[in-house]
Amino acid sequence: MSITSDAPAARPHPLPGGPPAADPDLARHLLRLGDDALVLGQRLCQWITRAPTIDEDLALSNIALDLIGHARALLTRAGRLDGTGRTEDDLAYGRTDREFTNVLLTELPNGDFAVTVARQLVYSHYAVLYYGSLAHCPDPDLAGFGARAAKEVAYHRLHADRWTVTLGRGTEESARRMRDGLERVWPYTAELFEEDEGLRRLAASGRVPSPAPLRETWLGRVTEVVTRAGLTVPGPAWSATGGRAGLHTEEFGPLIAELQSVRRQFPGGTW
Amino acid sequence: MSGTVPETPRRAADEVRERVAALPDPELPVIGLGDLGVVGTVAPADDGVLEVEITPTYLGCPALPEITAAVREVLTACGHPDGRVRQVLTLPWTTDRITPEGRRRLAAHGIAPPVSPAAGTPVTVGLGEVPCPHCGSRATRPHSDFGPSRCQSVLWCTACREPFPHLTAL
């Protein structure tokens, strides 16, 4: 297990000594976006056979499928750009927990259905805005990905909006759970809009959009839905951070262990 | 290639495209890949190797590996064993790419084709917007936004009391 932040460099990769990192800033950014999608997709898969109705089972697993599709495109590109020549599978199944750079929001345990809905609400509103902006970036492949992914997450947003309002305006019990769900995920939303030097460099040169300026629009849209649900947006009490640096919550280890279990038991297996 | 097997004559790009377009979609076998609108250009790449462009419908579409394998088989059968399948994302797929013939075939097999052009933002269908593919009634209502495959939602016909899938406009 790696316990230091420079562990990735110590790990052997498929191309020893490989070509120099072609584009480390973009590689790191796409890896982060890909990890967000992969980890949230994996979390949502844990609802399969456990959702409140069969329609919700289908809805959450279909959303998970989309997210894993986004992760595949992003990780494939990241592996080509980071100079290691790693494939999407190498990145998903061959990294330790400290090498994952997803926001903590995506790895939070599912909680009850309302917690999952609250997380889908805040994530899908963010993803619609970010991928929608990415659709205008100068890289044609990345722009095409952004355009398509934005449409898909907009469909997830529709689902989250509807459930937020249904639960908020349902019974006293469902409203209480929805309120608790929003309280639970809210401190983890700030990390979605975090930027570091590498991302600022990319954004300054116009290669990818900057997430920070999207926060106000995001807050406005989420507030509109939460208000429609008869609830209020939680106040900013504290904010979680660390996921982008590979510092994860305690519940992350078991999630990744499950994700990687087949690869560990049957290394290199194909069927 | 070793010289022991007589080489299959190399078919023209147009003929390869026609055969790729006729392949059934693995998830919606009633419709060909061409009518679904996922087959792009079929032409030799810079190195002279024949390349087939495929635009995935949904980014996570689980049928992609099957589609890729089927296209490779066509390439080999057409004398292009070195041919390539290339996924393109630059012009993302929308349901507007489904041909009129594709829509007709979907409806004939009980899958309501998308009713509205794919807007920038997805909208779910309301009451009576999608005619029932079984009885033609417009007394239909949405049942679930997610259905048997990622591209389908489920509606319910109050006239013939049958649920039916609808290819969601996206």
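Modeller: Two strands are taken to pair if DSSP finds at least two bridges between them, and the model discussed here is a predicted one.

Colleague: In what order do the strands of the open sheet in chain B run, and in which sense do they pair?

Modeller: The open sheet of chain B has three strands, and their pairing is antiparallel. From one strand to the next the twist averages 40°. Read across the sheet, the order is E4-E5-E6.

Colleague: Which are the edge strands of that sheet?

Modeller: An edge strand of this sheet is one that pairs on one side only. Within the order E4-E5-E6 of chain B, that description fits strand E4 (140–144) and strand E6 (163–167) of chain B.

Colleague: Over how many bridges do E4(B) and strand E5 of chain B pair, and which residue in E5(B) stands opposite B:Ser144?

Modeller: Strand E5 of chain B covers residues 152–157, and E4(B) pairs with E5(B) in the antiparallel sense over four bridges. Opposite B:Ser144, in E5(B), stands B:Val154.

Colleague: How far apart are the C-alpha centres of domain 1 and domain 2 of chain B?

Modeller: The domain assignment of chain B places domain 1 at 13–93 and domain 2 at 96–167. Ten residues of domain 1 of chain B are in contact with eleven residues of domain 2 of chain B, and the side of domain 1 that touches domain 2 has six nonpolar, two polar and two charged residues. The C-alpha centres of these two domains of chain B lie apart by 26 Å.

Colleague: How do the residues on the side of chain B that touches chain A divide by class?

Modeller: The contact between the chains takes 23 residues from chain A and 18 residues from chain B. On the side of chain B that touches chain A, the division is ten nonpolar, six polar and two charged.

Colleague: Why is helix H6 of chain A called oblique to helix H8 of chain A?

Modeller: The axes of H6 (residues 113–134) and H8 (residues 172–185) of chain A come within 8 Å and cross at roughly 55°. Because of that crossing angle, the relation of H6(A) to H8(A) is oblique.

Colleague: What is the handedness of the crossing of H6(A) and H8(A)?

Modeller: The residues that meet there include A:Val115, A:Ala118 and A:Val122 in H6(A), and A:Met178, A:Gly181 and A:Val185 in H8(A). By class, the residues of the contact of H6(A) with H8(A) are eight nonpolar, one polar and four charged. The crossing of H6(A) and H8(A) is right-handed.

Definitions and conventions
Residues numbered from 1 in each chain as written. Chains lettered and ligands numbered in written order. Predicted model: local features only at pLDDT ≥ 70, side-chain atom pairs only at ≥ 80, totals over all residues. Axes fitted to C-alpha atoms, helices over the stretch in contact; angles between N-to-C directions. Helix = DSSP H or I, 4+ residues; strand = E, 2+ residues; numbered from the N terminus. Parallel < 35°, antiparallel > 145°, perpendicular 65-115°, else oblique. Left-handed = near helix turned anticlockwise from the far one by under 90°. Contact = placed C-beta atoms within 7 Å. Nonpolar A, V, L, I, M, F, W, Y, C, P; charged D, E, K, R; others polar. Domains from an automatic or database assignment.
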